[in-house]
Amino acid sequence: MSAADNTNMIVGLDIGTSKVVAIVGEVKEDGNLNIVGIGSHRSRGLKKGTVVNIESTVESIQRAVEEAELMAGCRIHSVYAGIAGSHIRSMNSHGIVAIRDREVSRADIDRVIDAAQAVAIPADQRVLHILPQEYIIDSQEGVKEPLGMSGVRLEAKVHLVTCAINAVQNIEKCIKRCGLHTEEIILEQLASSYSVLTDDEKELGVCMVDIGGGTTDIAVFTEGAIRHTGVIPVAGDQVTNDIAMALRTPTDNADEIKIKYACALTQLANEGEMIKVPGVGDRPPRELSRQALAEVVEPRYDELFTMIKAELQRSGYENLMAAGIVLTGGTSKMEGVIELAEEIFHMPVRLGMPTSVKGLSDIVRNPIYSTGVGLLMYGMKQHRHRDGSHDPVSVKETKISVVSRVKNWFKNNF
């Protein structure tokens, strides 16, 4: 039986600067998420999280989706997609309404959320998320679920996230050109927080830092709610460029060297360990110590963590993060990153990766899949809220024979 025979499927599409990842998840009857297919392809049409070449982005999405379809044995029809980039803006807002029948109804909650989002935003931006932090009924603070409670006045504190209209339209256009429907566009650090943060961390106070290829995305949680989000336009691509410039080697080779040998803390690198650096053009390769490579990489990570620290100080939540920092994303995997971060932030730091999923869990237990898995978990939650059932969300029932799957695999790989 193919995975498509089960219609409780959700698909997350992480369209990043360095890679596009499509992950297919199956919602089990016990409420657990079972990963049944993963597709990943190098991304060439994005810069710092935003689409700069539609054709290249469409091709990358198609390749990733085809690979995920082949592994899951199904046809993908719609996706939950992530968005990032320097165009993302966020603010905390506040709304107040009178409770109509002295008991909070769903209509009252909708009205107070509408009141909270009645703020002036630029004409080229649109609201992406309205994330409730807490409700206040009369003078009773800290209410998480006000439905059915008695009172006269209802207030809502929310975190409002806005994004550039054209950035969303370009992502939707790319997805549509692949023959897919966009269920929802989700802020990438919000998605990642679903897969890597625990409820205890969110309650105590934590900062999640998703270091990708083009951008570093920040989300701060305290008392179980999101309080601050931010985007820093420095990430893994800058580290790769530094290596390429300093070692005088092509960018692709620099990326390979970064993944295999780079270390973010010079004292952890072995001086006697030598690496081969390919030359540019016809120039012969050279040998270089791993410690010399670390001396190139460490300043960039130092700069990035200093920028994150400044962002946290600006947010006003720097002293409220008892659970410390959680680093995730592909660029956080490097040796020495956690140690360097602890030196700079002076608080506990851990590496975050998806853990609460089944199926291909050994593959997705990797920081590079945090956003993809988080998109699935967000989609699963939204779908439950919508109708309380597990109707088919994004994979239509389509039987694919083993023969045609093998044919497709050969066509794509040879």
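In this predicted model, Y301, F305 and F345 come together as one aromatic cluster. Within that cluster, Y301 and F305 pair in a tilted arrangement, with 6.1 Å from centre to centre and 50 degrees between the planes; the angle is neither under 30 degrees, as stacking would require, nor over 60, as an edge-to-face pair would. Both residues belong to helix 8 (residues 290-315), where a spacing of four residues separates them by about one helical turn. Y301 and F305 are, moreover, both buried.

A search of the whole structure finds three aromatic pairs, and one of them involves Y194 and Y378, whose ring centres lie 5.6 Å apart with planes at 90 degrees, so that this pair is edge-to-face. Because Y194 is in helix 4 (residues 188-196) while Y378 is in helix 11 (residues 370-387), the pair ties together parts that are 184 residues apart in sequence. The two partners fall into separate accessibility classes under a cut-off of 20% for burial: Y194, with a relative accessible area of 22%, is partly exposed, whereas Y378, at 5%, is buried.

Y194 has a further contact to consider, for the charged end of K202 sits over the ring of Y194, at 5.5 Å from the ring centre.

Turning to the annotation, an unreviewed UniProt entry lists residues 10-196 as "domain: SHS2". In the model, the C-alpha atoms at the two ends of residues 10-196 are 19 Å apart, and the span consists of 28% helix and 44% strand.

Technical notes:
Residues are numbered from 1 along each chain as its sequence is written. This is a predicted model: local features need pLDDT of at least 70, side-chain atom pairs count only at pLDDT 80 or more; totals for chains, interfaces and linings use all residues. Side-chain values use heavy atoms; hydrogens and water are left out. UniProt positions are given in the numbering used here, feature names are shortened, and annotations may be inferred rather than shown by experiment. Rings of Phe, Tyr and Trp (its six-membered ring) pair if their centres lie within 6.5 Å; planes under 30 degrees apart count as stacked, over 60 as edge-to-face and the rest as tilted. Buried means under 20% relative accessible area, exposed over 50%, partly exposed in between (1.4 Å probe, protein chains only). A charge sits over a ring if NZ of Lys or CZ of Arg is within 6 Å of the ring centre and within 35 degrees of the ring normal.
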